[in-house]
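Colleague: I am new to this structure, and I would like to understand how the descriptions of it are justified. Could we go through them together?

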Amino acid sequence: MGDGPVLEGEWTRLVPTGEDDLDLLAGWFADPAFVEHWGGAPLPRREVAEKYLGRRRPRVESFLVRADGGPVGYAQYWWSGPDGGGIDLVLLPAARGRGLGPDAARALVAHLRGELGWRRVTVDPEPGNARAVRAWEKAGFRRVPGGDGNLLMEHRPEP
Ligand SMILES: CC(C)(COP(=O)(O)OP(=O)(O)OC[C@H]1O[C@@H](n2cnc3c(N)ncnc32)[C@H](O)[C@@H]1OP(=O)(O)O)[C@@H](O)C(=O)NCCC(=O)NCCS
């Protein structure tokens, strides 16, 4: 576990990653099914170590998503300006389709808006990734213009 706050969802808990998560994450990101919508190609252990263990703080914050007492996915947020940025999320194939993704996204957004005061939170799913688009919608994101090949969706706060 790394430094920083643990974020609590209703069914998920997001724990900052640390150096001792390398074996777990390297195994996941080496699996083609896990990375299907995360660049599409398995990642070498060295790249996982550089990118997903918290070494890019403070610009990027990485989390292990936990549910049912075990790790079920990886999430991150990254700053694109002084008061906003984006989030990314990938769950183990067996953990998908149970509403855990939107739950984790809500926990992230609550932290970003509430504790960090972000005014803008975006996601950029591939146009063909209908499950992700639907999951982001369930978490309060709506399509906006832009996206550079991918769709651009922005979180809309509850009125
Ligand atoms: C995207 C992801 C985080 C969503 O989390 P999840 O826990 O699986 O999401 P949910 O269980 O809420 O399911 C998503 C919704 O998509 C719907 N859905 C599933 N497949 C679909 C499809 N082919 N077309 C349209 N909707 C689809 C589901 O029915 C569900 O909606 P519903 O609750 O209204 O029925 C997760 O599926 C995942 O890790 N996918 C692989 C990585 C990825 O795509 N990450 C996002 C990159 S932007």
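Modeller: Let us begin at the ligand, keeping in mind that this is a predicted model: the largest share of the shell around the ligand, six residues, comes from helix H4, while strand E5, helix H3 and helix H4 each supply at least two.

Colleague: Which residues of that shell are the closest to the ligand?

Modeller: Of the 21 residues that surround the ligand, the closest are His37, Gly101, Ala130, Arg134 and Ala135, and the shell as a whole divides into 11 nonpolar, five polar and five charged residues.

Colleague: Why is Gly114 called exposed?

Modeller: Gly114, whose place is in helix H3, has 9 other C-beta atoms within 10 Å, and because a residue counts as exposed at 12 or fewer, Gly114 is exposed.

Colleague: How do you know that the span of H3 agrees with its number of residues?

Modeller: At 1.5 Å a residue, the 15 residues of H3 should span 21 Å, and since its end C-alpha atoms are 21 Å apart, the two values agree.

Colleague: What does H3 supply to the largest nonpolar core?

Modeller: That core has 37 residues, and those with the most contacts inside it are Val65, Ala75, Ala104 and Leu108; its largest share, seven residues, comes from H3. Among the buried residues of H3 are Ala104, Leu108 and Leu112.

Colleague: Which residues does Val65 touch, leaving aside its neighbours within four places in sequence?

Modeller: Val65 is then in contact with Thr12, Leu14, Val72, Gly73, Tyr74, Ala75, Leu91 and Ala104.

Terms used. Residues are numbered from 1 along each chain as its sequence is written. This is a predicted model: local features need pLDDT of at least 70, side-chain atom pairs count only at pLDDT 80 or more; totals for chains, interfaces and linings use all residues. A residue is near a molecule or strand if its C-beta atom, placed from the backbone, lies within 6 Å of it. Helices (H or I, at least four residues) and strands (E, at least two) are DSSP runs, numbered from the N terminus. Ala, Val, Leu, Ile, Met, Phe, Trp, Tyr, Cys and Pro count as nonpolar, Asp, Glu, Lys and Arg as charged, and the others, Gly among them, as polar. A residue is buried if 20 or more other C-beta atoms lie within 10 Å of its own, exposed if 12 or fewer, and partly exposed in between; C-beta atoms are placed from the backbone. The expected span of a helix is 1.5 Å times one less than its number of residues. A nonpolar core is a set of buried Ala, Val, Leu, Ile, Met, Phe, Trp, Tyr and Cys residues joined through C-beta atoms within 7 Å. Two residues are in contact if their C-beta atoms, placed from the backbone, lie within 7 Å.
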